[in-house]
Amino acid sequence: MSRIGKLPISLPKGVSVTVKDNVVTVKGPKGELTQEVNPNITVSVEGSECVVSRPNDEKQNRAFHGLYRSLIQNMVVGVSEGYSKTLELVGVGYRVSNQGQVLEFSLGYTHNIFLKLPNEIKIETKSERNQNPLVILQSCDKQLLGQVCAKIRTFRTPEPYKGKGVRFQGEVVRRKAGKSAGKK
């Protein structure tokens, strides 16, 4: 039995789960999310708990069991509490600003980078003196939030020599020593 899959998902107050034609819909105060589930996996709501079960112990069904339980758990947490990620721009002259759902990055290239974000994501940018600019992203969809953060990070990944680039707040970048002095 899958150790993750067999755990029931507790539903907080204000969160409802409905299952119809292999599509799980989770509604809560922060929004509504849907996820299509493999027909072999059964999702049932029993009181204030959601239970995911599988028909047999085939390898594929065991894999799907834990996967869909985790996806539904992430949806429940997302619509009740929400997810937040903070990106930090480390480097001289790196700036970020937002106009509605459009982020404008100045990352040392010859041109600025513009990125239009989906409406499900809330954006906040902070630029204070003597501190690195921050981009705070919030959403109820964990998967979408991770994809957007990964996309932003690709604009200027942290490099190992000076540590410059776009990184998650609190992330530690392993540094390299660089060139040593010439031979004598």
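Helix H2 gives the most to the lining of the largest pocket, with 4 residues, and I would like to start there, keeping in mind throughout that what we have on the screen is a predicted model. That pocket has a volume of about 200 Å³, and the residues that line it are Leu33, Thr34, Gln35, Leu71, Asn74, Met75, Cys140, Asp141, Lys142, Gln143, Leu144 and Gln147. If we ask which elements give two or more residues to this lining, they are strand S4, residues 31-36, helix H1, residues 59-80, and helix H2, residues 142-154. Sorted by class, the lining of the largest pocket comes to 5 nonpolar, 5 polar and 2 charged residues.

The second largest pocket has a volume of about 150 Å³. Its lining is made by Lys30, Glu81, Gly82, Tyr83, Ser84, Glu120, Lys122, Gln138, Ser139 and Cys140, with strand S7, residues 83-90, and strand S12, residues 134-139, as the elements that give two or more residues. Here the classes come to 2 nonpolar, 4 polar and 4 charged residues. You will have noticed Cys140 in this list, and Cys140 also belongs to the lining of the largest pocket.

That brings me to the cysteines, and to a question somebody is likely to raise: how many disulfides does the model have? The count comes to 0 disulfides. As for Cys140, this residue takes part in no disulfide, and the nearest cysteine sulfur, which belongs to Cys149, lies 14 Å away. Cys50 makes no such bond either, because its sulfur is 17 Å from the closest cysteine sulfur, that of Cys140, which is too far, the cut-off for a disulfide being 2.5 Å. Both residues are nevertheless buried, Cys50 with a relative accessibility of 1% and Cys140 with a relative accessible area of 11%.

Let me turn from the pockets to the nonpolar interior, where H2 comes up again. The largest nonpolar core has 23 residues, and within it the residues with the most contacts are Phe105, Leu137 and Ile152. At least two residues of this core are supplied by each of S7, S9, strand S10, which covers residues 113-116, S12 and H2, and among these H2 gives the most, with 5 residues. Phe105 deserves a closer look: leaving aside its neighbours within four places in sequence, Phe105 is in contact with Leu89, Arg95, Val96, Asn112, Ile113, Val135, Ile152 and Phe155. There is also a second, separate core of 19 residues, which includes Val17, Val52, Met75 and Val76, and Met75 is one of the residues we met in the lining of the largest pocket.

Two polar residues belong in this part of the talk. Ser106 is found in strand S9, residues 102-106; is Ser106 buried or exposed? Ser106 is buried, because its relative accessible area is 17% and the limit for that class is under 20%. Not counting residues up to four places away in sequence, Ser106 touches Gly93, Tyr94, Arg95 and Asn112, and both Arg95 and Asn112 appear among the contacts of Phe105 as well. The other polar residue is Asn61, which has its place in helix H1 and counts as buried at 3% relative accessibility. With the same exclusion of residues up to four places away in sequence, Asn61 touches Asn40, Ile41, Arg54, Pro55 and Asn56.

Some backbone geometry next, which you may want to check against your own tools. Asp21 has a phi near 50°, a positive value in a residue other than glycine, and Asn22 likewise has a positive phi, near 60°. Asp21 is placed in the loop between strand S2, residues 16-20, and strand S3, residues 23-28, and Asn22 has its place in that loop between S2 and S3 too. In terms of accessibility, Asp21 counts as exposed at 67%, whereas Asn22 counts as partly exposed at 34%.

I will finish with Val172, which is found in the segment after strand S13, residues 165-168. Although Val172 is a valine, it is exposed, with a relative accessible area of 72%. Its C-alpha atom is separated by 9.9 Å from that of Pro158, and the two residues are 14 residues apart along the chain.

Methods
Residues numbered from 1 in each chain as written. Predicted model: local features only at pLDDT ≥ 70, side-chain atom pairs only at ≥ 80, totals over all residues. Heavy atoms only, no water. Buried < 20%, exposed > 50% of the residue type's maximum accessible area, 1.4 Å probe, protein only. Contact = heavy atoms within 4.5 Å. 1 Å grid on protein atoms, 1.4 Å probe; cavity = no way out; pocket = protein on both sides within 12 Å on 5 of 7 lines; lining within 4 Å. Points joined across faces, edges and corners; volume = space filled by probe spheres on them. Nonpolar A, V, L, I, M, F, W, Y, C, P; charged D, E, K, R; others polar. Core = buried A, V, L, I, M, F, W, Y, C linked by side-chain atoms within 4.5 Å.
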